[in-house]
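Here are my notes on this one, point by point. Have the model open while you read.

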Amino acid sequence: MTTSPSTAPSSRPAEDGTRYDAVIVGAGFGGLYMLHALRRLGFSARVFEAGDDVGGTWYWNRYPGARCDIESLQYSYSFDPDLDQEWSWSERYAPQPEILAYANHVADRFDLRRDIRFATRVTTARFDEDAALWEIETDRGDRVSGWFCIMAVGCLSNANIPDFPGRDEFEGPVLHTGQWPHEEVDFTDMRVAVIGTGSSAIQSIPIIARQASRLTVFQRTPNYSVPAWNRPMDREQEREVKADYPGLRARMRGRPTGFFFPFNIDPALGSTPEERERQYEEFWGRGGLPFLGAYGDLLFDADANETAAEFARNKIRSIVREPATAELLCPDNVFGCKRLCVDTGYYETYNLPHVHLVNVSDTPIERFARDGVVVDGTTWPADIIICATGFAAMTGSFERIGITGRSGLTLAEKWRAGPRTCLGLSSHGFPNLFMITGPGSPSVLASMIQAIEQHVDWMADCMAHLRDIGARTIEPGAAAEDAGVDHVNEVAGVSLRSTCSSWYVGANIPGRPRVFMPYIGGFPIYVNRCNEVMDAGYEGFIITGGAPAAAPPEVRLTERWHVPVDIDVISPAMVAARQVPVV
Ligand code: N01
């Protein structure tokens with residue numbers, strides 16, 4: 001049995017035949033802001049959301065311990081100065097319920113719900129070439145059309161639940177971290193099995209261990225994790241940030257990752273082993289993802305990386321008392337190649353007598369039995385199984401919708417060998433289809449809300465421009481798209497991140513093409529390129545039906561995205577990105 005959040009809809013009549021300027025798929029942070037931005041520019045929009053409420057990722061991922069690992073003060077919308085001032089976070093890293101409360105606050109404050117249809121999954125989106133409209137259908141029988149169709153489907157929203165043999169034999173519940181029930185799951189006196197050791201598992205395992213009578217963790221690949229050192233919000237720091245929020249946002253936008261933290265550009269091997277140890281200790285003490293700022297070349301030079309990797313392994317060995325378990329928890333791959341995890345007490349949990357680590361790298365999980373998980377003939381008893389097995393990342397979010405563009409081409413066919421987009425915004429053959437944080441854009445390598453806002457502003461301005469000039473459609477030209485895809489691949493090759501089997505390259509799902517999907521050339525480089533394309537009259541894009549020139553729009557949302565690159569932290573990927581034309 002698999003339990004997932006209730007999406008039982010209240011009854012409402014299906015919507016038939018309404019035409020909108022835009023139909024938006026998803027009411028997470030992307031869909032919410034898209035709706036707000038379009039309204040600001042005078043467009044009509046309908047949002048369809050599969051969940052019962054707003055929040056997207058933060059609606060679905062309710063597992064114990066879920067929290068953001070970008071600092072709260074940097075993980076929020078930046079489009080409204082009053083919103084910046086009025087919201088207050090309780091901790092350095094916000095817990096999931098608080099982020100969800102923030103999404104709800106935004107939805108209420110900007111009166112967004114009235115245009116959202118909840119508990120409704122878009123099933124198909126088909127481009128009608130004659131009418132130049134997208135025809136959208138939902139699982140509630142809605143049939144509407146949109147001049148634009150905007151996918152705000154998230155990068156990590158299609159849960160991967162491996163097809164373990166015997167799934168139906170197991171008598172207890174099977175939960176996925178990304179489809180967590182709304183009601184509290186009480187693990188008291190339960191024998192719990194957790195499959196996977198990625199970010200979701202690493203956050204939930206210490207919490208589950210507090211209640212469970214027995215916890216068995218099935219690990220296929222160990223992950224590096226840096227302590228969060230989470231703490232209550234420092235109110236003085238909050239006051240300082242709020243006194244100049246635009247200043248912080250500008251510093252964030254100048255950085256390769258779209259968020260700000262102290263960054264040392266020096267190469268790791270330029271320091272003595274003693275200096276490195278001190279440096280790593282200091283950055284470990286700061287905690288979280290900013291550990292990667294200890295040296296400038298950690299993600300670009302294998303030998304430099306190995307010094308950080310060995311430091312992290314020694315941390316694991318110093319925490320986990322049982323040497324065999326400690327070694328099993330030590331990754332042997334590139335540090336930070338898979339998404340770095342951020343934890344509170346993860347490794348310490350393995351010192352508890354009722355917590356067991358089972359290595360399933362050489363002998364995979366054989367099957368689920370009536371009362372547990374079987375590996376190599378041994379049944380590990382469990383009353384409940386938690387699949388912390390991740391997502392069909394980036395492209396998986398599009399796969400649940402039948403998307404058909406010009407000449408009957410489906411997106412699934414077009415992306416069979418890997419996603420093809422121009423700047424992660426749009427794909428040739430699919431006019432007026434936009435993708436918020438689509439593959440080929442920085443998305444998951446940047447702070448997501450920054451990445452979302454920049455995309456939304458670009459798309460909304462683009463629609464306003466097309467309206468102004470009376471155009472019907474826009475789509476990337478094939479040549480621009482090919483050059484863009486080549487550029488994404490070329491720059492990815494500069495980084496060690498492209499070298500391991502991670503969800504960034506689709507390697508976590510059997511049978512997927514191996515392609516590095518996000519753009520690693522750096523957030524500000526990417527943003528500037530989007531601006532240049534726009535300023536050059538949508539260079540590389542094909543616009544049909546419009547008069548070529550028009551007065552500049554009165555409101556230009558992208559105005560706030562003209563930010564200088566922080567040249568003090570320019571990375572080798574950014575250097576490469578500047579040398580190779582983007583489109
Ligand atoms: O998923 P994952 P996640 N048998 O794909 C294992 C973001 N996020 O939900 O590595 C056994 O990272 C798999 O093993 P392997 C963040 O970007 C953010 O944890 O493929 N094991 C792996 O250990 C993150 O990276 C936050 O060998 C199997 C695990 O399942 C992303 O979401 C919090 C298996 C999946 O790990 C995804 O994280 C949480 C099998 N058949 C998530 N199949 C914050 O902001 C898979 N695995 C804090």
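1. Start with the loop between β7 (174–176) and β8 (191–195), where you'll find aspartate 189. This is a predicted model, and in it aspartate 189 has a positive phi of about 60 degrees although the residue is not a glycine. Most residues other than glycine have a negative phi. Aspartate 189 counts as exposed, because its relative accessibility is 65% and the cut-off for exposed is over 50%.

2. Where does asparagine 432 sit? The answer is the loop between α13 (411–414) and β18. Asparagine 432 is not a glycine either, yet it has a positive phi of about 60 degrees. Is asparagine 432 buried or exposed? At 0% relative accessibility, asparagine 432 counts as buried. So if you're checking backbone angles, asparagine 432 is a buried case, whereas aspartate 189 is an exposed one.

3. Glycine 537 also has a positive phi, near 75 degrees, and it follows α16. That helix covers residues 523–535, 13 residues in total. From first C-alpha to last, α16 reaches 18 Å, close to the 18 Å expected at 1.5 Å a residue.

4. Why call α16 largely enclosed by the rest of the structure? Because 10 of its 13 residues are buried. The buried set in α16 includes Phe523, Pro524, Ile525, Tyr526 and Val527, and Arg529, Cys530, Asn531, Val533 and Met534 are buried too. As a reminder, an α-helix has 3.6 residues a turn, so residues three or four places apart point the same way.

5. On to the ligand. How many residues surround the ligand? There are 23, and the closest are Arg67, Ser200, Arg220, Thr221 and Lys338. By type, the shell around the ligand divides into 9 nonpolar, 9 polar and 5 charged residues. Helix α5 (residues 199–211) gives the most to this shell, with 3 residues.

6. For polar pairs, look at the oxygen atoms of the ligand. An oxygen atom of the ligand is 3.0 Å from a polar backbone atom of serine 199, and a ligand oxygen atom is 3.2 Å from a polar backbone atom of alanine 388. With tryptophan 503 the partner is a polar side-chain atom, 2.9 Å from an oxygen atom of the ligand. On its own the ligand has 910 Å² of accessible area, and the protein covers 88% of that.

7. Asparagine 305 is worth a look in helix α9 (residues 302–319). Asparagine 305 counts as buried because its relative accessibility is 2%, against a cut-off of under 20%. A polar atom of the asparagine 305 side chain lies 2.7 Å from the backbone nitrogen of phenylalanine 335. Beyond residues up to four places away in sequence, asparagine 305 touches Leu298, Leu299, Val334, Phe335 and Leu496. Threonine 57 is 248 residues from asparagine 305 in sequence, and their C-alpha atoms are 31 Å apart.

8. Serine 443 is in the loop between β18 (433–435) and α14 (448–469). With a relative accessible area of 1%, serine 443 is buried. Setting aside neighbours within four places in sequence, its contacts are Cys155, Met394, Thr437, Met448, Ala451 and Pro518.

9. Serine 145 lies in strand β6 (residues 143–151), and it is buried, with a relative accessible area of 8%. Which residues is serine 145 in contact with, leaving aside its neighbours within four places in sequence? They are Thr18, Arg19, Tyr20, Val23, Leu133, Trp134 and Glu135. Proline 518 lies 373 residues from serine 145 in sequence and 30 Å from it in space, C-alpha to C-alpha.

10. Last, isoleucine 365 in strand β13 (residues 365–369). Isoleucine 365 is buried, with a relative accessible area of 12%. Not counting residues up to four places away in sequence, isoleucine 365 touches Phe164, Ile195, Phe218, Val360, Val373, Val374 and Val375. Isoleucine 365 and glutamate 169 are 196 residues apart in sequence, with 15 Å between their C-alpha atoms.

Notes
Residues numbered from 1 in each chain as written. Predicted model: local features only at pLDDT ≥ 70, side-chain atom pairs only at ≥ 80, totals over all residues. Heavy atoms only, no water. Helix = DSSP H or I, 4+ residues; strand = E, 2+ residues; numbered from the N terminus. Buried < 20%, exposed > 50% of the residue type's maximum accessible area, 1.4 Å probe, protein only. Contact = heavy atoms within 4.5 Å. Expected span 1.5 Å × (residues − 1). Near = heavy atom within 4 Å. Polar contact = N/O pair within 3.5 Å; in protein donor to acceptor, adjacent residues only side chain to side chain. Areas by Shrake-Rupley, 256 points an atom, 1.4 Å probe, with all protein chains shown as cover. Nonpolar A, V, L, I, M, F, W, Y, C, P; charged D, E, K, R; others polar.
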